[in-house]
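Here are a few notes from going through this fold, written as numbered points so you can check each one against the model in front of you.

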Amino acid sequence: TYDNVGGSFNASPIIANFAGTGSQTAFTLASSPTSEDTTQIYINGVYQQKNTYSLSGAVITFSEAPPATSTIEILYT
């Protein structure tokens with residue numbers, strides 16, 4: 001039943017915001033996401049495919065630096 005569903009299924013996402021510098025590729029989150037599958041990243045409002053970044057602990061590393069002055073929003077659980 002629905003009552004038996006628990007754990008992180010109902011967890012609210014954490015939102016982290018950063019600004020791109022044009023050269024920085026690694027960004028450190030306040031806590032570690034459960035997995036890469038629980039992350040959603042947007043640069044200037046555009047969703048980023050999971051193959052454009054990697055996750056190691058609390059650090060997100062992009063394969064290319066987000067553009068200078070871009071807004072980076074990371075949602076994770």
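1. Start with Gln40, which stands opposite Leu75 in β7. Next along, Ile41 stands opposite Ile74, again in β7. Both pairs belong to the junction of β3 and β7, two strands that run antiparallel and are joined by five bridges. Please keep in mind throughout that this is a predicted model.

2. Which way do the side chains of β3 point? Thr39, Ile41 and Ile43 point to one face and are buried, while Gln40 and Tyr42 point to the other face and are not buried. That fits a general rule: in a regular strand, side chains alternate between the two faces of the sheet. For the two pairs in the first point, this puts Gln40 on the face that is not buried and Ile41 on the buried one.

3. β3 also has a partner in β4, residues 46-47, with antiparallel pairing over two bridges. One of the pairs to look at is Tyr42, whose bridge partner in β4 is Tyr47. The two strands form a hairpin with two residues between them, and Asn44 in the turn has a positive phi of about 50 degrees. That would be a good place to pause when you check the backbone.

4. Zooming out, these strands belong to an open sheet of four, in the order β1-β7-β3-β4 and with antiparallel pairing. Its edges are β1 (14-19) and β4, each of which pairs on one side only.

5. A second open sheet has three strands, ordered β2-β6-β5, and here too the pairing is antiparallel. β2 (26-28) and β5 (53-56) are its edge strands, each pairing on one side only. From one strand to the next, the twist averages 20 degrees. Within this sheet, β2 and β6 run antiparallel and are joined by three bridges; Thr28, for instance, has Val59 of β6 as its bridge partner.

6. What does the whole chain look like in outline? The protein has seven strands and zero helices, so to speak β-β-β-β-β-β-β when read along the sequence. Among contacts with a separation of 6 or more, 71% are between residues 24 or more positions apart.

7. Now to the interior. The largest nonpolar core has 12 residues: Ala16, Phe27, Leu29, Ile41, Ile43, Tyr53, Ala58, Ile60, Phe62, Ile72, Ile74 and Tyr76. Two or more of these residues come from each of β3 (39-43), β6 (59-62) and β7 (71-76). The largest share, three residues, is from β7. As a general matter, nonpolar side chains in soluble globular proteins tend to be buried together.

8. Leu29 deserves its own look, since this core residue is found in the loop between β2 and β3. Is Leu29 buried or exposed? Its relative accessibility is 5%, so Leu29 counts as buried, the cut-off being under 20%. Leaving aside residues up to four places away in sequence, Leu29 touches Ala16, Phe18, Ala58, Ile60, Ile74 and Tyr76. With Ile14, 15 residues apart in sequence, the C-alpha to C-alpha distance is 9.7 Å.

9. Ala58 is a useful companion to that point. With the same exclusion of residues up to four places away, Ala58 touches Phe27, Thr28, Leu29, Ser31, Ser32 and Pro33. Ala58 is itself one of the residues of the largest nonpolar core.

10. The aromatic residues are worth a pass of their own. A search of the whole structure finds four aromatic pairs. In one of them, the ring centres of Phe27 and Phe62 are 5.8 Å apart and the planes stand at 80 degrees, so this pair is edge-to-face. Because Phe27 lies in strand β2 and Phe62 in strand β6, the pair ties together parts that are 35 residues apart in sequence. Both of these residues are buried. Phe18, Phe27, Tyr53 and Phe62 form one aromatic cluster.

11. Last, the overall surface figures. Of the 77 residues, 25% count as buried. The protein exposes about 4800 Å², and carbon and sulfur atoms supply 52% of that area.

Methods
Residues are numbered from 1 along each chain as its sequence is written. This is a predicted model: local features need pLDDT of at least 70, side-chain atom pairs count only at pLDDT 80 or more; totals for chains, interfaces and linings use all residues. Side-chain values use heavy atoms; hydrogens and water are left out. Buried means under 20% relative accessible area, exposed over 50%, partly exposed in between (1.4 Å probe, protein chains only). Contact means heavy atoms within 4.5 Å. Accessible areas come from the Shrake-Rupley method with a 1.4 Å probe; for residues, only the protein chains shown count as cover. A nonpolar core is a set of buried Ala, Val, Leu, Ile, Met, Phe, Trp, Tyr and Cys residues joined through side-chain atoms within 4.5 Å. Two strands pair if DSSP finds at least two bridges between them. Axes are lines fitted to C-alpha atoms, for helices over the stretch in contact, and angles run from 0 to 180 degrees between N-to-C directions. Rings of Phe, Tyr and Trp (its six-membered ring) pair if their centres lie within 6.5 Å; planes under 30 degrees apart count as stacked, over 60 as edge-to-face and the rest as tilted.
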